[in-house]
Amino acid sequence: MELKRILLPTDYSETSREALRYAAGMAEKFRAELVVLNVVNEQLFTEGLNIPLAISMETLEEDMQQEATKQMERFLSSGEVDDSVSTRRVILQGKPWEVITRWAGENQVDLIVIGTHGRSGIEHFLFGSTAEKVIRSAPCPVLTVRPPAAGE
Ligand SMILES: Nc1ncnc2c1ncn2[C@@H]1O[C@H](COP(=O)(O)OP(=O)(O)OP(=O)(O)O)[C@@H](O)[C@H]1O
Ligand SMILES: [Mg+2]
């Protein structure tokens, strides 16, 4: 077995931060590349936004790009990832589970490490919908990580 590339999809939730600890630890031990992927939900870009006329679509997309990059840096700046780990940041638009699965298939990902839950935090389901669909459709093994215990 070889682990050369580990994919950590994140919505920046606490559970995905817990998953990052495992993904980063395994990347370090196996000298694998760590790919941190955030998918910006496409609906954000097309629906439900009340855009003031003064702001052009171009400015808005630029702002969102910048904000997305900032969030990614914030997520990675809390010391979970050792400096020795080669880390790649990827931000894409689309349906999270589809983008995660497709990216893994097209980029020789050996392992996906994913939180059982995400931002919506409804924990009475065994898995959140993104995690469930990724587990069902992934082209490689998936390691699931539960939310950190309360108070930790
Ligand atoms: N937009 C996203 N981009 C990348 N990874 C994501 C995204 N959304 C979720 N994930 C990954 O999937 C894990 C589980 O999140 P999921 O969305 O399935 O649960 P939830 O938000 O609690 O429930 P739901 O979205 O079904 O209401 C997260 O911990 C994260 O690792
Ligand atoms: Mg979710």
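Let's start at ligand 1: there are 21 residues around it, and the nearest of them are Pro9, His117, Gly118, Ser129 and Thr130. Keep in mind as you look that this is a predicted model.

Now zoom in on the polar atoms. Serine 129, already named among the nearest residues, puts a polar side-chain atom 2.5 Å from an oxygen atom of ligand 1. The backbone joins in too. At alanine 131, a polar backbone atom sits 2.9 Å from an oxygen atom of the ligand, while at valine 39 a polar backbone atom is 2.9 Å from one of the ligand's nitrogen atoms. As for how much of the ligand is covered, on its own ligand 1 has 610 Å² of accessible area, and the protein covers 86% of that.

Step back a little and look at the space itself: what ligand 1 occupies is the largest pocket. Which elements build the shell around it? At least two residues each come from β2 (33-41), α4 (96-106), β4 (111-115) and α5 (129-137). Sorted by class, that shell holds 12 polar residues, seven nonpolar ones and two charged ones.

Finally, leave the ligand and turn to helix α1, which spans residues 14-30 and contains leucine 20. Is leucine 20 buried or exposed? Its relative accessible area is 0%, so leucine 20 counts as buried, the cut-off being under 20%. For a sense of how the chain folds back here, pick out valine 36: leucine 20 and valine 36 are 16 residues apart along the chain, and their C-alpha atoms are separated by 8.6 Å.

Conventions:
Residues are numbered from 1 along each chain as its sequence is written. Chains are lettered from A and ligands numbered from 1 in the order in which they are written. This is a predicted model: local features need pLDDT of at least 70, side-chain atom pairs count only at pLDDT 80 or more; totals for chains, interfaces and linings use all residues. Side-chain values use heavy atoms; hydrogens and water are left out. A residue is near a molecule or strand if one of its heavy atoms lies within 4 Å of it. A polar contact is a pair of N or O atoms within 3.5 Å; within protein, one must be able to donate a hydrogen and the other to accept it, and residues adjacent in sequence count only if both atoms are side-chain atoms. Accessible areas come from the Shrake-Rupley method with a 1.4 Å probe; for residues, only the protein chains shown count as cover. On a 1 Å grid over the protein atoms alone, a cavity is a set of points where a 1.4 Å probe fits but cannot get out, and a pocket is an open set with protein on both sides within 12 Å along at least five of seven lines; lining residues have an atom within 4 Å of a point. A molecule sits in a cavity or pocket if more than half of its atoms lie within 2 Å of its grid points. Helices (H or I, at least four residues) and strands (E, at least two) are DSSP runs, numbered from the N terminus. Ala, Val, Leu, Ile, Met, Phe, Trp, Tyr, Cys and Pro count as nonpolar, Asp, Glu, Lys and Arg as charged, and the others, Gly among them, as polar. Buried means under 20% relative accessible area, exposed over 50%, partly exposed in between (1.4 Å probe, protein chains only).
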